[in-house]
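The following exercises introduce a pocket and a helix packing in one protein model. Each task is followed by a worked solution.

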Amino acid sequence: MSYAPEGQQHQPYRREGQSPQPPYGEPYGQPYGQQPHGQSPYAEPYDGPTRAYDRPPQGQWEQEQWAEQPEPPRRRSRGKRWLIAGVSVLALAGIAAGVMAYYEIPPFTDKGSAVSFGPGGGGKESGQGGAGAQQPANSKMLMPTGPAADFKNSMTLADGTHVAVTTLDGKKSGFKGKVWVWAPKEYNDPKFAKSGFPVMIALPGGAGYPSNYWMGTDLGLQTSISKWYAEGKSKPFLLAMPVLNPGPDDKGVYWDGSDIPGQPKMGTWLTEDVPDLMKANFRTVKSRDGWAFMGSSTGGFAGMKAVLKHPDKFKAVIASGPDIVPDSSLWKGHDKEKAENNPELLAKQLIDTKGPDVYIAFQVGDNESNKKTLPDVQKFVATFGNKGPVHTSLRVIPGGQHNAKTYVPNMGEGPIQYISKVMEGPVE
């Protein structure tokens, strides 16, 4: 795109030696009324020399070899010029719109706009939800309990669904943080208008603050769930994607998704406040058969630990490249509480008490950065797997590394089917 320096009017290109075109309506050369002697004012405009000493002597006018004079450039018709101007304006407008959309500048993006998840769904626009919502007493579905959260659009996917975000003030944990949510397109399908949907709480690894990387579209979690459901591999999960930690990962500090004494109660946040948010805003499944976790690395640990510690609330988890035991430096001096959040001890306790059945789908790369990850998971499976109520599966990913881009595609190669077979939803 051509441009002139700031403050300088753009000039159109012309051949060297060609005078600028005069304003529309004025002939070339002398203004009307000052034509050379003997020339009709309606004759073809003169574009030759205009200075007196440049003109041929009087009487030699007809002898001039006009054929050798350069023909003046023809002016474009008004219609053609308007067409070119219009096309240019449209092209510039298109470029500007693209730039504004890329940088998410309204009105060329719907980011930040209020989101409703349809009838019986979350968002203040829905006009649905609340404790007074009617449903049969024997229904397996739980209508939204309210109050509706203030969801704002974070991004819109190709199928028209939205990833929305809200700031949740956790009433039970006392922690306040962001939660991203997503509903598959089936949630608003009239066929499922009276159905409750299963919920998957997706936890990131690493810092897990100030965002949860599952909320982005580059990893393809949302589109993968839609694809897997269409292929008959997966339930059409609602996704809850909360922050995992209450602050940045400074010098390797993390909270193990647990209630560490003297620290924000992240265990309660993940297992109480986040599920309450989903129940308040979506049609969900009443029983634990509709509630699961997934996560990678420390998020995989936190999800596995949540299912083993609260088998009355959650039934399954996909744990990708997880830690097996709590190892945060914040546990120092709190051995009793640390043991209460140890998956190995929780699994043993569940087996000894013959508690509810839980299902853990492990997946681990054979090229993980931590070379202990695969042996530790294999040891857990050998010790506790498929003994009593603890059911496990393990997918070893050939060449798989310790990252989410490895884990998402491989979820569709066994783990998502494993937990979907034992979960319910959509249900009425």
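The model is predicted.

**Exercise 1.** Determine which helix gives the most residues to the lining of the second largest pocket.

*Solution.* Helix H3 gives the most, with 5 residues. Strand S3 (162-169) and helix H3 (266-281) are the elements that give two or more residues to this lining.

**Exercise 2.** Describe the second largest pocket by its volume, its lining residues and their classes.

*Solution.* Begin with the volume: the second largest pocket holds about 350 Å³ of space. Next, consider the residues around the pocket: 18 of them form the lining, and those nearest the centre are Pro147, Leu168, Asp169, Lys171 and Leu277. Finally, sort the lining by class: 6 residues are nonpolar, 6 are polar and 6 are charged.

**Exercise 3.** Establish how helices H4 and H6 are oriented to each other, and identify the residues through which they meet.

*Solution.* Two packed helices are described by the angle between their axes and by the distance between those axes. For helix H4 (residues 298-309) and helix H6 (residues 343-353), the angle is about 25° and the axes lie 9 Å apart. Angles under 35 degrees count as roughly parallel; H4 and H6 are therefore roughly parallel to each other. The crossing of H4 past H6 is left-handed.

The residues come next. From H4, Phe301, Met304, Lys305, Leu308 and Lys309 take part, and they meet Pro343, Leu346, Ala347 and Leu350 of H6. By class, the residues of this contact comprise 7 nonpolar, no polar and 2 charged.

Key: Residues are numbered from 1 along each chain as its sequence is written. This is a predicted model: local features need pLDDT of at least 70, side-chain atom pairs count only at pLDDT 80 or more; totals for chains, interfaces and linings use all residues. Side-chain values use heavy atoms; hydrogens and water are left out. On a 1 Å grid over the protein atoms alone, a cavity is a set of points where a 1.4 Å probe fits but cannot get out, and a pocket is an open set with protein on both sides within 12 Å along at least five of seven lines; lining residues have an atom within 4 Å of a point. Grid points are joined across faces, edges and corners, and a volume is the space filled by probe spheres set on the points. Helices (H or I, at least four residues) and strands (E, at least two) are DSSP runs, numbered from the N terminus. Ala, Val, Leu, Ile, Met, Phe, Trp, Tyr, Cys and Pro count as nonpolar, Asp, Glu, Lys and Arg as charged, and the others, Gly among them, as polar. Axes are lines fitted to C-alpha atoms, for helices over the stretch in contact, and angles run from 0 to 180 degrees between N-to-C directions. Angles under 35 degrees count as roughly parallel, over 145 as roughly antiparallel, 65 to 115 as roughly perpendicular and the rest as oblique. A crossing is left-handed if the near helix is turned anticlockwise from the far one by less than a right angle, and right-handed if clockwise. Contact means heavy atoms within 4.5 Å.
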